[in-house]
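Hi everyone, thanks for coming. I'd like to walk you through one structure today, and I'll throw in a few questions as we go. Let me put it up on the screen.

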Amino acid sequence: MSGTENAHPTSTEETPAAPGWVEDSLDRILATLPFPADKLAPFRASYLDCLAGCGRAADLDSAHDACRQGLLRALQDGLDMDAETSRALEQKLEKLELDISSAI
């Protein structure tokens, strides 16, 4: 294993482009979490990467759901995010994903 298989991008420059308003909205959502921005950066980048890939998905809702669930699991496992914070974050991400879907 070369070590790159599990590497997470750390900035949006390393991920496919997402509309600026999506990044701004995600930043506002993540700012409500009780974690420093530098700890959230790899999770943010991975989620944006996943969302950018959704543009090619046949079932956009299902693809967005997979991105959201992946982010929530990663935050729970990586940063010990509690269940209440996870539920609140999930609701905010669902709203963001609905906004993305309606903009396409």
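Let me start with a question: is Cys50 buried, partly exposed or exposed? Have a look before I tell you. Cys50 is partly exposed, with a relative accessible area of 32%.

Before going on, please keep in mind that this is a predicted model. The mean pLDDT of the protein chain is 81, and 77% of its residues reach 70 or more. The stretch to be careful with is residues 1–16, where the pLDDT is below 50. That stretch has 19 contacts in the model beyond near neighbours in sequence. Where pLDDT is low, the predicted coordinates should not be read in detail.

Now the overall layout. The protein chain has 4 helices and 0 strands, so to speak an α-α-α-α run from the N terminus on. Of its 104 residues, 38% count as buried. And if you take contacts between residues at least 6 apart in sequence, 67% of them join residues at least 24 apart.

Back to our cysteine. Which residue is Cys50 joined to? Its partner is Cys67, with an S to S distance of 2.0 Å, and the structure holds 1 disulfide. Cys50 sits in helix α2, residues 37–53, and Cys67 in helix α3, residues 60–79, so the bond ties together parts that are 17 residues apart in sequence. The torsion about the S-S bond is about -85°, so this disulfide is left-handed. The two ends have their own surroundings: Cys50 is partly exposed, while Cys67 is buried, at 3% relative accessible area.

So how do the two helices that carry those cysteines pack? The angle between α2 and α3 is about 165°, and their axes are 9 Å apart. An angle over 145 degrees counts as roughly antiparallel, and that makes α2 roughly antiparallel to α3. Their crossing is right-handed. If you want to follow the interface on the screen, the residues on the α2 side include Leu40, Phe43, Tyr47, Cys50 and Leu51. On the α3 side they meet a set including His64, Cys67, Leu71, Leu75 and Leu79.

His64 deserves a moment. You'll find His64 in helix α3. Buried or exposed, would you say? At 3% relative accessibility, His64 counts as buried, because the cut-off for that is under 20%. Leaving out residues up to four places away in sequence, His64 touches Leu51, Cys54, Glu97, Ile100 and Ser101.

Let's move along the chain to the loop between α3 and α4, where Asp80 lies. What stands out about the backbone of Asp80? Asp80 has a positive phi of about 55° although it is not a glycine. Asp80 is also exposed, with a relative accessible area of 66%.

Last stop: helix α4, residues 83–103, which holds Gln91. At 57% relative accessibility, Gln91 counts as exposed. How far apart are the C-alpha atoms of Gln91 and Arg68? They are separated by 10.0 Å, with the two residues 23 apart along the chain. Arg68 is also one of the α3 residues in the α2–α3 contact set.

That's my tour, thank you for listening, and I'm happy to take questions.

Methods:
Residues numbered from 1 in each chain as written. Predicted model: local features only at pLDDT ≥ 70, side-chain atom pairs only at ≥ 80, totals over all residues. Heavy atoms only, no water. Disulfide = S-S within 2.5 Å. Buried < 20%, exposed > 50% of the residue type's maximum accessible area, 1.4 Å probe, protein only. pLDDT = per-residue confidence, 0-100. Contact = heavy atoms within 4.5 Å. Axes fitted to C-alpha atoms, helices over the stretch in contact; angles between N-to-C directions. Parallel < 35°, antiparallel > 145°, perpendicular 65-115°, else oblique. Left-handed = near helix turned anticlockwise from the far one by under 90°.
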